[in-house]
Amino acid sequence: SGFPFGTLAVNVIGSFLLVFLMHMSLRTNLISPDTRVTLTTGFLGGFTTYSTFNYETIRLFQEGAAGMGALNLAVTLSSCLAAGLLGWACGRVMFGA
């Protein structure tokens, strides 16, 4: 019942990659719309794991680790949003506004 660092890492990496790929694919012709859907909803949708995050957070609360559960919620939300913003910023630098 420790902090779920693995799930957090996967979700942060996936958030960065998803936003970066979306920006790249909407600003360039480097990947087709079909490939974009496959990569974002297929591959990255399977790579990231909201359901595991949900389960682990609920388990923390059920085990009486409310502080750890709240920390998981806060860190996951803020880190994934920050990673998405970084992905967007990298996409803008590399592929334009």
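**Surface patch, fold and aromatic pairs of a helical model**

In the predicted model, Leu-17 is partly exposed, at a relative accessible area of 31%. The residue belongs to helix 1. Leu-17 also contributes to a nonpolar surface patch, which covers about 350 Å². Patch residues need over 30% relative accessible area, so the 31% of Leu-17 meets that cut-off. The other contributors are Ile-13, Phe-43 and Phe-47. Two helices provide at least two patch residues each. These are helix 1, spanning residues 5–27, and helix 2, spanning residues 33–47.

The overall architecture is helical. Four helices and zero strands were assigned to the protein. The order of elements from the N terminus is α-α-α-α. The C-alpha trace extends over about 50 × 25 × 15 Å along its principal axes. The protein has 97 residues, and 30% of them count as buried. Its accessible surface amounts to about 5,800 Å². Carbon and sulfur atoms account for 70% of that surface. Contacts were also sorted by sequence separation. Of those between residues at least 6 apart in sequence, 71% link residues at least 24 apart.

Ser-25 was examined next. This serine, like Leu-17, sits in helix 1. Is Ser-25 buried or exposed? Its relative accessible area is 7%, so Ser-25 counts as buried, the cut-off being 20%. Which residues does Ser-25 touch, once neighbours within four places in sequence are set aside? The contacts are with Ile-31 and Arg-36. Arg-36 lies eleven residues from Ser-25 along the chain. The C-alpha atoms of Ser-25 and Arg-36 are 6.6 Å apart. Within the range 33–47, Arg-36 falls in helix 2. A polar contact involves Met-22 as well. There, the Ser-25 side chain comes to 3.1 Å from the backbone oxygen of Met-22.

Aromatic rings were then searched. A pair of aromatic rings is described by two quantities, the distance of the centres and the angle of the planes. How many aromatic pairs does the whole structure hold? The search returned five. One of them joins Phe-3 and Phe-5, with ring centres 4.8 Å apart. The planes of Phe-3 and Phe-5 meet at 55 degrees, so this pair is tilted. The two partners fall into separate accessibility classes. Phe-3 is buried, with a relative accessible area of 15%. Phe-5 counts as exposed, with a relative accessibility of 59%.

Phe-20 and Phe-95 make up another tilted pair. Their centres are 5.7 Å apart, and 55 degrees separate the planes. Where do the partners lie? Phe-20 is in helix 1, whereas Phe-95 is in helix 4, residues 66–95. The pair therefore ties together parts that are 75 residues apart in sequence. Phe-20 has a relative accessible area of 14% and is buried. Phe-95 is partly exposed, with a relative accessible area of 22%. The cut-off for burial is under 20%, so Phe-20 satisfies it at 14%, while Phe-95 does not at 22%. Phe-16 joins Phe-20 and Phe-95 in one aromatic cluster.

Helix 1 recurs in these results. It holds Leu-17 of the nonpolar patch. Ser-25, with its side chain directed to the backbone oxygen of Met-22 at 3.1 Å, is also in helix 1. So is Phe-20, whose ring pairs with that of Phe-95 in helix 4.

Conventions
Residues numbered from 1 in each chain as written. Predicted model: local features only at pLDDT ≥ 70, side-chain atom pairs only at ≥ 80, totals over all residues. Heavy atoms only, no water. Patch = residues over 30% accessible without salt bridge, like charges linked within 9 Å, V, L, I, M, F, W, Y side chains within 5 Å. Areas by Shrake-Rupley, 256 points an atom, 1.4 Å probe, with all protein chains shown as cover. Salt bridge = Lys/Arg side-chain N within 4 Å of Asp/Glu carboxyl O. Buried < 20%, exposed > 50% of the residue type's maximum accessible area, 1.4 Å probe, protein only. Contact = heavy atoms within 4.5 Å. Polar contact = N/O pair within 3.5 Å; in protein donor to acceptor, adjacent residues only side chain to side chain. Phe/Tyr/Trp six-rings, centres within 6.5 Å; stacked < 30°, edge-to-face > 60°.
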